[in-house]
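Reader: I have a model open and want to go through its pockets and cavities. Can you take me through it?

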Amino acid sequence: MGEYTLRCAGCGNVLSYSATSCPLDGGLPRADYIEQRFNPRELPGIWSFIDWLPVESWNPNTGASSVTYRSSGLAGELGLGSLYISFSGYWPERGALMRTCSFKELEAAPTMQMLLERNAEDILVVASAGNTARAFAEVCSITGQPLVLFVPASSLDRLWTTVEPGRVLIAGVKGDYAEAIKLAGVLSSRKGFRPEGGARNIARRDGMGTVLLDHVRLFKSMPDHYFQAIGSGTGGIAVWEASMRIVDDGRFGERIPRLHLAQNTPCAPLYAMWLGIEERNFDSYRCPEGMHDDVLFNRNPPYAVPGGVRDALISSRGRIYGIDNARAASAQRLFESSEGIDILPAAGVAVAALVDAVESGFVESDDSILLNITGGGMKRLAEDHSRVRLKCDLMVGLEDSSDALSSIEEMVPA
């Protein structure tokens, strides 16, 4: 189960299991699994893909998976014959049971299982604009593992669990996501703490890659196109890596899906990088204020790093879309009215990219398309589950980080 060699995604150099980058070219670490055939197991949720996850065992209380189905509503609106939707959220009528309503649960469950198996006594440190923090808080509350979250003050209202909160400490950040990342990095460099890793965390990427694996399991082939809204672009990298493993299997097609990744303009660094637009000062746009969904803003995405977003786009003949707020909101309403379930704003950005691709002729009516709805079902969840709001334990900023981080070391729940 999940046996692998860790290699650099750029030069192929073999890395230690604790490596977060390649010492030769700085490339992303990538799991090279011993099992090369796609062989889903009779296990629940994402654990059915355990051969391609960096874990040895599974937790029956975590690991809810995305649900893939063939669309009729949105497909009819757009004139598409083979539109498939991957839904990550809460929609029990479809079998979707992610109670944080976000595909970030795909990242949290294998990450925590991997740390548990490595007997890691260090406390995990995570920076998030909201959805990732919620997913890790839920999973850690279930598994009992300790966790420190750094979350921008503007995103604290997104933090809740559907279970009794566990050993979770929340540091509200007087700044944006980039400052949360910096503060998390400082704390995780101290003895007794461990960084979650972000895009360099193979458990996180391979967990997200199960979105494509679920499609292949159900429909026995890969889609021609894949659509997703992105902040860092890690989800796009994950699907690219999963598709290469499927191609190597040899039974499900020879061409990887074309990636269609979407960002919310004007706060869209990856979109600007891909188009070769002169580097912008995103502060001048007051980013991420006023975005349709500010979880899609990351000032320092893994774009040019070997194995990163640029490589994924080039390899897949992909595109990045810039979607403004009005188009994202309109697409979100279109999905909800045609499919019958509420979705998070970020997913509306992905739907808008699909609408754009159809109208521009980048996809044909008979192409096979997988649309990743990365979050939804908040309204549906409220019908079945109560939510426990998570309180902020202290506020921190870069200017007072030393004293504040020392306080965190003392406050972490035993």
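Author: What follows covers the largest pocket, one helix of its lining, a proline and the cavities.
Author: This is a predicted model, where local features need pLDDT of at least 70, side-chain atom pairs count only at pLDDT 80 or more, and totals for chains, interfaces and linings use all residues. Residues are numbered from 1 along each chain as its sequence is written, and side-chain values use heavy atoms, with hydrogens and water left out.

Reader: What space lies in the largest pocket?
Author: About 950 Å³. On a 1 Å grid over the protein atoms alone, a pocket is an open set of points with protein on both sides within 12 Å along at least five of seven lines, a cavity is a set where a 1.4 Å probe fits but cannot get out, and lining residues have an atom within 4 Å of a point. Grid points are joined across faces, edges and corners, and a volume is the space filled by probe spheres set on the points.

Reader: Which residues are closest to its centre?
Author: Of the 50 that line the largest pocket, Tyr-177, Ile-181, Gly-198, Arg-204 and Asn-298.

Reader: Which helix gives the largest share of that lining?
Author: H4, with seven residues. H4 covers 177-188; helices (H or I, at least four residues) and strands (E, at least two) are DSSP runs, numbered from the N terminus.

Reader: Which residues in H4 are buried?
Author: Tyr-177, Ala-178, Ala-180, Leu-183, Ala-184, Leu-187 and Ser-188. Buried means under 20% relative accessible area, with a 1.4 Å probe and protein chains only.

Reader: And what happens at the start of H4?
Author: A side-chain oxygen of Asp-176 reaches to within 3.0 Å of the backbone nitrogen of Ala-178 there.

Reader: Switching to Pro-152: buried or exposed?
Author: Pro-152 is buried, at a relative accessible area of 3%. Pro-152 sits in strand E8, residues 147-152.

Reader: What does Pro-152 touch?
Author: Leaving out residues up to four places away in sequence, Pro-152 touches Ser-128, Ala-129, Val-173, Gly-175, Asp-176, Tyr-177 and Ala-180. Contact means heavy atoms within 4.5 Å. Pro-152 and Ala-129 are 23 residues apart in sequence and 6.3 Å apart in space, C-alpha to C-alpha.

Reader: How many cavities of 30 Å³ or more?
Author: Two. The largest has a volume of about 50 Å³, and the second largest about 40 Å³.

Reader: What lines the second largest cavity?
Author: Asn-59, Thr-62, Ala-109, Met-112, Gln-113, Leu-116, Thr-143 and Gln-145. Helix H2 (residues 105-117) supplies the largest share, four residues.

Notes:
Buried < 20%, exposed > 50% of the residue type's maximum accessible area, 1.4 Å probe, protein only. Polar contact = N/O pair within 3.5 Å; in protein donor to acceptor, adjacent residues only side chain to side chain.
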